[in-house]
Amino acid sequence: MSIRRARRRPRARTSSRLFATYAAASLVPVMALGAVMLHGYRDDAAEQGRAQGLAQAAVIAEMAIAPALNSAETPPSEGLAGGLTTTQLEGMRAATEHAVFRGSVLRLRLRSFTGRVVFSDDGSTSGGVPTSDPDFQAAAAGESRATVSGGGAEVIRVLQPLVASASGQSVGVLELYLPYRSIAEQSHAQVERAWWRLCGALVVLYLVLAVLAWSTTRSLSRYAARQEYQATHDALTGLPNRAAYRAQAERVLAGAVRNGGAGAVVLADLNRFKEVNDTLGHHAGDELLREVSVRMRACLGPDDLLARLGGDEFALLLPGRGRAEAVALLQTICDRVSDEMVLDGVPLSIEASFGVALYPEHGVNLQELKQRADTAMYQGKRGTADVVVYAGGDTGHPHQWLVVQAELRHALERDELVLHYQPKVALPSGEISGVEALVRWQHPQRGLLPPGEFLPAAEHSGLIVPLTEWVLRRALADQADWTAQGRDWPISVNVSARNLEVPGFAQHVRDLLAATGAAPHRLILEVTETALAGDTGSVVRSVTDLGAAGVGISVDDFGTGYTSLSQLRGLPINEIKIDRAFVADVARDPQSQAIVRSVIELAHGLGSRATAEGVESAEISRWLAGAGCDEAQGYLYGRPVPWPQISVASITEGAGR
């Protein structure tokens with residue numbers, strides 16, 4: 001728990017730093033935007049002042065100055081160079097005195113093109129804008145100019161051409177100074193209002209950007225946390241995965257070496273999980289793994305670690321727990337896991353095997369401890385106990401399987417495998433209706449081995465595929481031999497779910513039939529009920545394709561799995577074999593009789609033959625015949641032998657007893 005909290009804190013600090021970076025980065029453009037907009041508002045205010053100044057100057061020139069100058073004729077050619085007449089001066093004083101007094105005009109000058117002041121509201125004849133000023137030259141050329149000047153009291157300076165009404169020609173330059181205070185106050189008020197609006201908008205914009213930055217950083221942080229979690233946890237159970245277990249276990253072991261700590265490394269494996277998976281389907285297997293994970297985790301302390309390594313294999317790390325405490329805890333977990341649960345409406349209990357390696361007693365290297373825990377676990381799987389502490393010795397079951405698998409590969413190359421055949425007979429006649437091929441291994445040191453000695457190892461490796469191919473080839477070759485001798489026996493061959501899941505398996509069988517010249521209807525492939533119960537698409541496709549090719553399909557060991565009728569419906573089933581568990585006491589047990597009769601009726605209803613397995617007495621044979629069973633197989637009719645040793649006479653005699 002403390003490790004998870006420690007991981008959250010750095011992620012939180014990283015997220016905060018990222019958000020602060022985004023916030024600061026977004027503040028810079030927002031402030032820059034505000035500065036640009038404020039500058040624009042100020043420029044607009046100054047431009048407005050200049051425009052008002054030009055308009056006011058034009059009104060003054062037209063309404064006040066032009067009438068005063070027109071009171072006496074001024075020669076256009078001379079303009080104002082000769083000055084003003086007494087009448088014009090009096091008219092100018094009268095016209096400007098009221099405007100200056102009201103404060104609408106601060107200063108007014110009439111100037112000739114040479115710059116001479118011919119009239120000033122204060123009577124002075126000097127001062128004014130130099131004739132070299134671009135604004136003066138522009139006014140002399142007929143263009144009005146206005147500028148807003150600073151200082152203690154801001155004013156609008158206007159220079160514009162003075163046009164006499166009588167001639168319509170420019171006779172001089174009007175230099176006018178207007179108060180800017182009212183315009184400035186108005187502009188300032190507008191700028192202030194705009195500034196507050198701008199500030200409000202920028203604050204909203206910044207808040208929006210901040211929210212977006214916060215949301216983005218939080219999403220990125222969550223995505224990173226999700227990626228980290230997925231990289232270190234099992235998607236099905238939510239437990240730490242193999243990589244996370246290794247990293248944390250190595251840290252704990254390193255700390256134990258430094259500080260003298262002790263604890264246990266534990267491997268756990270569910271017993272018969274494959275049967276549940278094959279029988280009820282992968283979805284039920286997944287649900288089982290989730291439930292087992294919850295039960296195991298509920299028994300652990302905050303410092304203990306539980307991980308799923310893959311499949312039905314789990315690993316535990318129990319730091320600070322000695323032998324007795326670790327075993328007691330694991331026994332509690334074992335009891336909790338074995339409590340009954342219901343999957344797909346089927347009540348079942350699952351058992352688990354636990355192998356324990358103690359550190360530092362059994363080592364301090366994780367790989368070494370896991371190997372020793374693995375050895376102890378498979379000692380438990382052989383039945384010594386559910387919880388086994390490593391006590392030295394050999395490497396256990398899986399490594400023995402590795403030896404068997406290696407030898408089996410050589411057996412296939414050296415042709416050490418042989419086929420024995422057990423007859424099936426028709427009821428009630430007792431005539432041979434077919435034979436079932438059963439593989440044996442003529443081991444060079446251990447002698448003739450039954451299938452149970454090597455088929456499990458083959459099933460858990462890729463060897464089951466070449467092994468099945470060898471059986472099919474040899475069985476079809478033997479069938480050709482007995483057919484040449486006048487024995488028309490169909491041949492039954494067992495195939496596993498793993499064979500049916502191999503892409504192209506049906507086509508491979510068709511190719512073998514074509515290569516040997518065998519008729520498809522004389523080959524029957526026996527599939528266990530558990531293989532069909534899994535209802536995987538690949539198995540169904542293979543069975544359907546084989547049936548379409550004319551190959552017979554038999555459901556083996558019927559009654560021991562959980563095949564539903566909906567799974568059988570639509571499949572090309574030619575034969576249903578009743579498991580020996582129901583046949584053994586069928587002559588006397590009413591429940592077995594009811595079950596067998598139901599299976600026979602089911603088979604006939606599906607258009608299939610009903611075949612009973614494990615028939616060992618004439619009494620059972622007669623009962624089956626009376627119940628309508630089509631065929632039977634068992635020691636009563638013959639044990640598995642090489643096909644030339646099958647005695648038709650003895651089989652008929654046994655069936656008739």
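The exercises below, each with a worked solution, concern a predicted model.

**Exercise 1. The open sheet**

Find the order of the strands in the open sheet of five strands, and work out which strands stand at the edges.

Solution. Begin with the order, which is β2-β1-β5-β4-β3, with antiparallel pairing throughout the description of this open sheet. Next, look at the two ends of that order: β2 (117-120) and β3 (145-149) each have a single partner strand, so one side of each is left without a neighbour in the sheet. Finally, consider how the strands are turned: neighbouring strands of this sheet make an angle of 20° with each other on average, if direction is ignored.

**Exercise 2. Bridges between the strands**

Determine how many bridges join β1 to β2, β3 to β4, and β4 to β5, and name a pair of facing residues for each.

Solution. Start at the β2 edge, where strand β1 (residues 107-111) pairs with β2 in the antiparallel sense over three bridges; here Arg109 has Ser120 of β2 as its bridge partner. Then go to the other edge, where β3 and β4 are paired, again in the antiparallel sense, over five bridges, and where Val148 stands opposite Ile156 in β4. Then step inward from β4 to strand β5 (residues 170-179), which runs antiparallel to β4 and is joined to it by nine bridges, with Val163 standing opposite Ser170 in β5. As a last step, ask how well β4 is covered: of the nine residues in this strand (residues 155-163), eight are buried.

**Exercise 3. Two helices in contact**

Describe how helix α7 packs against helix α8, and classify the residues that make the contact.

Solution. First take the geometry: α7 (residues 282-298) and α8 (residues 323-337) pack at an angle of about 145°, and their axes are 9 Å apart. The crossing in which α7 passes α8 is right-handed. Then list the residues in contact, which are Val292, Arg295 and Met296 on the α7 side and Ile333, Arg336 and Val337 on the α8 side. Sorting these residues by class gives four nonpolar, no polar and two charged residues.

**Exercise 4. Salt bridges within and between elements**

Compare three salt bridges, asking where in the sequence the partners lie and whether they are buried or partly exposed.

Solution. The structure holds 28 salt bridges, and the steps below follow three pairs. In the pair of Glu287 and Arg290, the closest N and O atoms are 3.1 Å apart, and both residues lie in helix α7, three residues apart, which is about one turn of the helix. Glu287 has a relative accessibility of 35% and therefore counts as partly exposed, and Arg290, at 33%, is partly exposed too.

The second pair is Asp415 with Arg474, where the closest N and O atoms are 3.3 Å apart. Because Asp415 lies in the loop between α10 (397-414) and β13 (417-426) while Arg474 lies in helix α12 (residues 464-484), this pair ties together parts that are 59 residues apart in sequence. Asp415, at 42%, is partly exposed, as is Arg474, at 27%.

In the third pair, the side chains of Glu575 and Lys424 meet at 3.0 Å, N to O. Glu575 belongs to strand β19 (residues 575-578) and Lys424 to strand β13, so the pair ties together parts that are 151 residues apart in sequence. Both Glu575 and Lys424 are buried, that is, under 20% relative accessible area.

How values were computed
Residues are numbered from 1 along each chain as its sequence is written. This is a predicted model: local features need pLDDT of at least 70, side-chain atom pairs count only at pLDDT 80 or more; totals for chains, interfaces and linings use all residues. Side-chain values use heavy atoms; hydrogens and water are left out. Axes are lines fitted to C-alpha atoms, for helices over the stretch in contact, and angles run from 0 to 180 degrees between N-to-C directions. Helices (H or I, at least four residues) and strands (E, at least two) are DSSP runs, numbered from the N terminus. A crossing is left-handed if the near helix is turned anticlockwise from the far one by less than a right angle, and right-handed if clockwise. Contact means heavy atoms within 4.5 Å. Ala, Val, Leu, Ile, Met, Phe, Trp, Tyr, Cys and Pro count as nonpolar, Asp, Glu, Lys and Arg as charged, and the others, Gly among them, as polar. Two strands pair if DSSP finds at least two bridges between them. Buried means under 20% relative accessible area, exposed over 50%, partly exposed in between (1.4 Å probe, protein chains only). A salt bridge is a side-chain nitrogen of Lys or Arg within 4 Å of a carboxyl oxygen of Asp or Glu.
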